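Dear colleague,

I am passing on a structure that I would like you to look through, and my notes on it follow below. Please read them with the coordinates open beside you.

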Amino acid sequence: MKIDLANIAGTPGARAGFEISERFGPAEGIPVAGPVTGEITVENTGSLLLVRGRLQAAVEMACARCLGGLQQTLEIEVEEEFAGEDAGPEVLTVDREEPEASAISDYVLDVHEFVRQQVAVAAPLAPVCRPDCQGVCPQCGQNLNLGPCGCVPERFPEGSPKGSDSRWAKLGELLGGQQQGANEAGPHPAGTAKRGQVQRSAIPRSPGECGDERAHPRR
Ligand SMILES: [Zn+2]
Ligand SMILES: [Zn+2]
C-alpha cells in the first residue's frame with residue numbers, strides 16, 4: 001500500500017489514520033509468518049510529519065540456543081518523523097531501487113517498505129524458544145530440552161555460581177583452602193545475632209491488682 005500524503009503535508013494540523021495489512025515474501029528479509037497488521041496515524045505537526053501507530057507481526061525464527069523453530073507475535077510501537085515541507089517532498093519517498101520507484105509521486109509514503117523496516121528493527125536478534133531453553137549439548141549436539149545426553153561436562157554449565165571452568169580448577173583448589181580458613185573465623189563474631197533480643201518476661205500481679213474491669217464488671 002502507498003499513502004498519498006499530499007493533503008496532510010499541505011495542511012498543518014491535519015491527521016489521518018490508516019489500517020495496515022501487508023504481506024511479505026521470503027526474500028524481503030523479515031521472518032514473518034503472515035500479514036503484518038495494525039494501524040498508523042499520520043499527523044502534520046506544523047514542522048514535520050509524524051507517523052505513529054501499532055503493528056502486530058507474527059514472526060517465525062530459530063531459537064538462538066537450540067535452533068528449534070519458534071513463533072511469537074511482535075507488538076511494535078511505531079513512531080517516526082519525516083521532515084516537513086522545508087526539507088522538500090523527496091524525503092517522504094522511500095527509494096526501493098526498483099523501476100517503479102521513479103513512478104512514485106511526491107508526498108507518497110511507501111507503507112510496505114515502511115512496515116518492513118519497522119519489523120526488521122523490532123525482530124529480536126537472539127530469540128529463545130522459552131526462557132529456560134537448555135540449548136544443545138556442545139559435545140554431541142543433542143537438544144537438551146529433550147533430556148540429558150549423557151556426556152560428561154567438560155566444565156561448569158553456564159550460569160553456575162562461580163562460572164568457573166576446568167582451566168581454573170587447580171587455582172580454585174589452592175584458593176579454596178585459604179577461603180575455608182577464612183570462613184572458619186566467620187564474618188560475624190559469636191553473640192551478635194542475639195543482641196537486641198531482650199526477653200520480655202511477664203510481670204506477675206498480685207490478685208488484688210488484677211484486671212479491674214474483669215474483677216468488677218460494670219453492669
Ligand atoms: Zn530453544
Ligand atoms: Zn552431549
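To begin with a single pairing, which residue in β3 is the bridge partner of Gly 17? In this model, which is a predicted one, the partner of Gly 17 is Thr 41, and the two strands concerned, β2 and β3 (residues 36–44), run antiparallel and are joined by eight bridges. Thr 41 can then be followed on into β4, where its bridge partner is Arg 52; β3 and β4 are likewise antiparallel, again with eight bridges between them.

The sheet to which these strands belong is an open one of four strands, in the order β2-β3-β4-β5, with antiparallel pairing. Because β2 (15–22) and β5 (69–83) stand at the edges and have a single partner strand each, one side of each is left without a neighbour in the sheet. From one strand to the next, the twist averages 15°.

Two hairpins deserve a look. The hairpin of β3 and β4 has three residues between its strands, and Gly 46, which lies in the turn, has a positive phi of about 105°. In the hairpin of β4 and β5 there are six residues between the strands, and here Leu 67 in the turn has a positive phi of about 65°. β4 and β5 pair in the antiparallel sense over 15 bridges, and among these pairings Ala 57 has Leu 74 in β5 as its bridge partner.

Helix α2 (residues 111–122) lies across β2, β3, β4 (48–62) and β5, and runs at about 120° to β5. Its length is as expected, because 12 residues at 1.5 Å a residue should span 16 Å, and the end C-alpha atoms of α2 are indeed 16 Å apart. The buried residues of the helix are Phe 114, Val 115, Arg 116, Gln 118 and Val 119, and they pack against β2, β3, β4, β5 and also β6 (108–110).

What holds the centre of the largest nonpolar core, in the sense of which residues touch the most other members? Of its 16 residues, these are Val 36, Ala 57 and Val 115. At least two residues of this core are supplied by each of β3, β4 and α2, and the largest share, five residues, comes from β4. Leaving aside residues up to four places away in sequence, Val 115 touches Ile 20, Glu 22, Val 36 and Leu 55, so that its contacts include another of the three residues named above for the core, Val 36.

With best regards

Notes. Residues numbered from 1 in each chain as written. Chains lettered and ligands numbered in written order. Predicted model: local features only at pLDDT ≥ 70, side-chain atom pairs only at ≥ 80, totals over all residues. Pairing = 2+ DSSP bridges. Axes fitted to C-alpha atoms, helices over the stretch in contact; angles between N-to-C directions. Contact = placed C-beta atoms within 7 Å. Core = buried A, V, L, I, M, F, W, Y, C linked by C-beta atoms within 7 Å. Buried ≥ 20, exposed ≤ 12 C-beta atoms within 10 Å, placed from the backbone. Expected span 1.5 Å × (residues − 1).
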